[in-house]
Amino acid sequence: MEQSERDKAKNAIALFRYGLISPVVNNTYEEKSKEEYYRKTASKTYTLNDKDIKVRATTIKAWYIDYQKYGYNGLIPKTRTDLNTSRRLTTDAQQKIIDYKEQFPHISGTLIYQKLIEDGYINQFNVSKSTVLKFIRDNYLLFGDDGKVDRRAFEMEFANDMWDADTSHGPYLTINNKKVKTYLIAVIDDASRLITNAKFYYEDNAINFQNTFKEGLKKYGIPKRIFLDNGKTYKNEQLAIICAKNRGELNEMLNFFVNEYNNKVHSSLYNDNNEISPKQRWFKDQDRIKKIDNNQIDEYFLHTAYPTIRSDSVAHINKLEYEVPTKYIGKKITIKYDFSDKTKAWIYDDGKKIESVHLVDKVANSKIRRKETMY
C-alpha cells in the first residue's frame with residue numbers, strides 16, 4: 001500500500017473512532033451515563049472500509065480516554081509497519097498475535113497471552129498481560145478483528161460438546177439510596193444455544209461464576225469442555241433497561257427471560273428442516289449427555305483449606321472461624337467447605353470425609369461450663 005493510501009486508511013479509522021466517541025466528548029449523549037452509552041453504541045453494527053464491524057464497549061471507552069490524553073492523534077491507529085514495537089514484545093510475538101487473531105477472530109486477549117507463553121514467544125516474567133492487551137486494542141481493526149459474528153470456528157456438533165461462559169454488566173440497583181452495580185454471569189451451550197444457567201450478582205468473581213456453573217451442571221449434565229472468554233456470548237438489549245428494586249426481583253425477571261429464550265424457536269436451529277428452540281435442540285442429543293449425582297457435583301465444588309489448629313480448637317479460613325475437636329490441636333488438617341453456604345464444612349483425611357465442623361458460636365461457648373483448674 002502506498003504511503004498516501006495508508007495514511008488515508010488510518011485517517012478513515014481515526015474519523016470512525018471519533019464519530020463513536022463524539023457524543024461523549026461533546027457531552028451530547030442521551031443515555032443516563034457514559035457506560036450506558038458505550039454499551040448501547042457497542043450493540044450496533046457499523047461499516048468501515050467496506051466491512052461490517054462491531055466494537056466492544058471497553059474499546060470505545062479506551063478510544064475516549066486516548067482522545068482525552070492525546071487529542072485526535074490518539075485515535076490514529078498504527079499500521080503493520082508501525083505496530084507497537086515495545087522492546088518487551090518482539091516482532092515474532094507481534095506477528096504471532098496477528099496470526100492468532102486472523103485464525104480465531106473472537107479469541108480473547110487473555111487466552112492469546114497464555115498461548116504466547118505456552119508457545120515460547122514471551123516470558124511471563126518479562127511481558128505483562130496488559131502489554132499484549134494494549135497491542136491488540138491499538139491494532140485490532142487493521143489485522144482482521146472486524147467484529148463480525150462468525151461462529152463457524154467455534155460451533156460444536158452436539159449439545160454439551162462445549163459451554164461458553166461470560167459476564168456482562170447488568171443494571172444499577174438502588175439500595176438504601178445508593179446505586180449498586182450488578183453483573184450477569186451466564187453459561188450457554190454452544191451447539192443448541194441453550195442457556196444452562198444465568199444469574200445476577202453484586203460482584204464479578206470466581207465464586208459467583210462457580211455457583212452459576214455448578215447449578216448448570218445439575219440441570220443439564222457435564223460439558224466436555226468450557227470456553228471462558230470476555231466476548232459477548234450472552235447479551236440482550238432488554239437487560240439494560242430492566243428496573244428492579246432488589247437482586248431477588250432482578251433474578252426472578254431473568255429466570256422468566258431465560259425460560260422464554262430457551263423455549264422460543266430460533267431461525268438458526270433446525271430439525272428435519274423445521275425451526276426448533278434451544279431446549280428442543282439440546283434434548284435432541286440427550287442420549288449423549290453425561291450426568292452425575294447432584295451430591296457428587298456439590299462435593300466437586302467444595303473449596304479446600306489446610307489450616308493449622310490453634311490451642312483454642314479453631315480453624316481460621318478466609319476470615320471465618322470453624323470449631324474443630326480438640327484432638328486436632330497443633331495439627332495441620334484438611335477442611336473442605338461450601339463456598340455458597342459457609343455453614344457447611346467437613347474435615348477430610350486421605351480424600352475421605354471424616355466429620356463435619358461448624359462456625360464458632362462464641363456466645364454459646366460462653367455458656368459451656370468448663371472444668372476448673374485446681375491450684
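Visitor: Is Lys224 buried or exposed?
Guide: This is a predicted model, so let's go by its computed surface. The cut-off for exposed is over 50% relative accessible area. Lys224 has 61%, so Lys224 is exposed.

Visitor: Which side chain does Lys224 meet in a salt bridge?
Guide: Side chains of opposite charge can pair when their charged atoms come close. Here the N to O distance is 3.5 Å. The partner of Lys224 is Asp161.

Visitor: How many residues apart are Lys224 and Asp161?
Guide: Lys224 sits in the loop between helix H7 (206-220) and strand E6 (226-228). Asp161 belongs to the loop between H6 and E3. The pair links distant parts of the chain, 63 residues apart.

Visitor: And is Asp161 buried or exposed?
Guide: Buried means under 20% relative accessible area. Asp161 has 11%, so the word for Asp161 is buried.

Visitor: Which residue forms a salt bridge with Asp298?
Guide: Asp298 lies in helix H10 (residues 294-300) and its partner in helix H7, so the pair ties together parts that are 84 residues apart in sequence. The closest N and O atoms are 3.5 Å apart. That partner is Lys214.

Visitor: What is the relative accessibility of Lys214?
Guide: Asp298, on the other side of the pair, is partly exposed at 24%. Lys214 counts as buried, and its relative accessibility is 3%.

Visitor: Which residues are linked with Lys214 in a network of salt bridges?
Guide: Asp298 already forms a salt bridge with Lys214. The network of salt bridges takes in further residues too. Linked with Lys214 are Glu215, Lys218 and Asp298.

Visitor: Which residue meets Lys40 in a salt bridge?
Guide: Lys40 is partly exposed, with a relative accessible area of 38%. Its partner counts as buried, at 15% relative accessibility. Their side chains meet at 3.5 Å, N to O, and the partner is Glu31.

Visitor: How many salt bridges does the structure hold?
Guide: Lys40 with Glu31 is one of them, and Lys224 with Asp161 is another. The structure holds 10.

Visitor: Which helix supplies the largest share of the largest nonpolar core?
Guide: That core has 19 residues, and those with the most contacts inside it are Phe16, Leu20, Tyr38, Val55, Ile60 and Trp63. Helix H1 (3-25), helix H2 (34-42), strand E1 (46-48) and helix H3 (57-70) each supply at least two residues. The largest share, six residues, comes from H1.

Visitor: Which residues does Tyr38 touch, not counting those up to four places away in sequence?
Guide: Tyr38 is among the residues with the most contacts inside the core. Leaving out residues up to four places away, Tyr38 touches Val24, Ala57, Ile60, Lys61 and Tyr64.

Visitor: How far apart are the C-alpha atoms of Ile112 and Val132?
Guide: Ile112 is in helix H5 (residues 109-118) and counts as buried, at 0% relative accessibility. Beyond its neighbours within four places in sequence, Ile112 is in contact with residues including Val132 and Ile136. Ile112 and Val132 are 20 residues apart along the chain, and their C-alpha atoms are separated by 8.1 Å.

Visitor: Is Asn160 buried or exposed?
Guide: Asn160 lies in the loop between helix H6 (129-139) and strand E3 (163-175). Although not a glycine, Asn160 has a positive phi of about 70°. At 3% relative accessibility, Asn160 counts as buried.

Visitor: What about Asn176, buried or exposed?
Guide: Asn176 is in the loop between E3 and E4. Its phi is near 55°, a positive value in a residue other than glycine. At 71% relative accessibility, Asn176 counts as exposed.

Visitor: How many bridges join strand E4 to E5?
Guide: Strand E5 (residues 195-201) is mostly covered, with six of its seven residues buried. Tyr183 stands opposite Tyr201 in E5. E4 (residues 178-189) and E5 run antiparallel, and the number of bridges joining them is six.

Visitor: Which are the edge strands of the six-strand open sheet?
Guide: The order is E9-E12-E13-E14-E11-E10, with antiparallel pairing. Each edge strand pairs on one side only, and these are strand E9 (303-305) and strand E10 (314-317).

Key. Residues numbered from 1 in each chain as written. Predicted model: local features only at pLDDT ≥ 70, side-chain atom pairs only at ≥ 80, totals over all residues. Heavy atoms only, no water. Helix = DSSP H or I, 4+ residues; strand = E, 2+ residues; numbered from the N terminus. Buried < 20%, exposed > 50% of the residue type's maximum accessible area, 1.4 Å probe, protein only. Contact = heavy atoms within 4.5 Å. Pairing = 2+ DSSP bridges. Core = buried A, V, L, I, M, F, W, Y, C linked by side-chain atoms within 4.5 Å. Salt bridge = Lys/Arg side-chain N within 4 Å of Asp/Glu carboxyl O.
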